[in-house]
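Please open the model in your viewer and keep the sequence panel beside it, since the stops below are given by residue number.

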Amino acid sequence: MEYAEAYGTRVPKVGLGTWQLTGEPCYEAVSTALDLGYRHIDTAQLYENESEVGRAIADSDVDREDVFLTTKVAPGNARYEDVLESTEGSLDRLDTEYVDLLLLHWPNPLVSVGDTMAAMGRLVEEGAVENVGVSNFPRVLLDRARDAADADVVTNQVQFHPYKPQRGMLGHCQEEGLFLTAYSPLARGEALDDLDVRRLAEAYDKTPAQVVLRWATQHRDVVVIPKSASEAHLEQNLALFDFKLTRSEIDELTKPSLLKSSAAMLGGVLSEFRS
């Protein structure tokens with residue numbers, strides 16, 4: 001396993017995303033992932049699956065301190081007191097005394113990011129949260145959050161895949177010492193049908209998903225959190241580090257596309273806020 005690092009915090013470069021996984025399928029997916037060797041699990045208040053995630057971790061043979069667990073504050077809970085109260089609820093549902101990383105899921109234009117970060121800083125001081133970060137933040141808001149935070153902001157979780165390579169954001173995170181967490185790293189499946197992806201998958205005797213995820217993880221300080229409920233796919237998504245794409249192959253796969261990235265983003269946002 002490879003790791004990304006920010007301000008002394010190390011996180012496995014491949015984690016399990018649990019968006020759209022609920023109920024027993026979520027419990028089974030997290031349980032299987034932990035059995036296979038995953039040590040990074042990502043959830044959120046909006047996903048409505050924190051109880052299943054927490055139960056799977058508690059029932060696992062893996063020690064809690066060996067799992068890097070992330071959850072996210074819903075944007076509707078961004079006010080100071082709501083951050084504190086909702087995070088307490090998340091900890092109860094996750095059946096844990098702390099989370100390794102707490103993110104603000106989306107910017108809330110009606111709430112000062114300073115208030116949100118102050119509440120997160122208090123949670124760090126109290127030991128309920130180890131690290132803080134943000135999600136879906138443009139650069140200007142990311143910098144505003146970092147300036148307002150007492151604790152180090154270790155990541156920005158954003159859509160990142162060959163059709164949305166986020167060059168500006170990634171470069172900024174790398175320069176400032178943050179890691180970038182990539183959600184929808186397969187572009188909601190769009191990238192799997194790419195002809196260049198398929199050609200390289202055949203050449204390396206890998207799946208298209210493995211090629212796309214390797215494209216992402218070969219970027220410095222990029223962490224991926226693909227979602228899967230299939231044991232075979234979970235195992236494949238973790239098996240990325242026995243091959244390496246060349247620089248020219250990475251360039252070939254990097255195909256910024258506003259149309260494809262917007263479709264992936266829109267589909268994800270609509271599904272997320274319906275849940």
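A residue is called buried here when its relative accessible area is under 20%, and the model you are looking at is a predicted one.

Begin by selecting strand 1, residues 3–6, and show its side chains: Ala4 and Ala6 point to one face and are buried, while Tyr3 and Glu5 point to the other face and are not. Next add strand 2, residues 9–12, which runs antiparallel to strand 1 and is joined to it by four bridges; the bridge partner of Ala6 in strand 2 is Thr9. The two strands form a hairpin with two residues between them, and Tyr7, in the turn, has a positive phi of about 50°.

Move on to helix 1, residues 23–36, whose end C-alpha atoms are 20 Å apart, in agreement with the 20 Å that its 14 residues should span at 1.5 Å a residue. Among the buried residues of this helix are Cys26, Tyr27, Val30 and Leu34, and if you display what covers the buried residues, you will find that it includes strand 3 (16–17), strand 4 (40–42), helix 2 (50–59) and helix 9 (231–238). Just after helix 1, select Gly37, whose phi is positive, near 120°.

Finish in helix 8, residues 208–217, by selecting Gln210. Is this residue buried or exposed? Gln210 counts as buried, because its relative accessibility is 6%, below the 20% cut-off. A polar atom of the Gln210 side chain lies 3.0 Å from the backbone oxygen of Gln236, and the side chain also reaches the backbone oxygen of Ala239 at 3.3 Å. Leaving aside residues up to four places away in sequence, Gln210 touches Gln236, Ala239, Leu240 and Phe243.

Key: Residues are numbered from 1 along each chain as its sequence is written. This is a predicted model: local features need pLDDT of at least 70, side-chain atom pairs count only at pLDDT 80 or more; totals for chains, interfaces and linings use all residues. Side-chain values use heavy atoms; hydrogens and water are left out. Buried means under 20% relative accessible area, exposed over 50%, partly exposed in between (1.4 Å probe, protein chains only). Two strands pair if DSSP finds at least two bridges between them. The expected span of a helix is 1.5 Å times one less than its number of residues. Contact means heavy atoms within 4.5 Å. A polar contact is a pair of N or O atoms within 3.5 Å; within protein, one must be able to donate a hydrogen and the other to accept it, and residues adjacent in sequence count only if both atoms are side-chain atoms.
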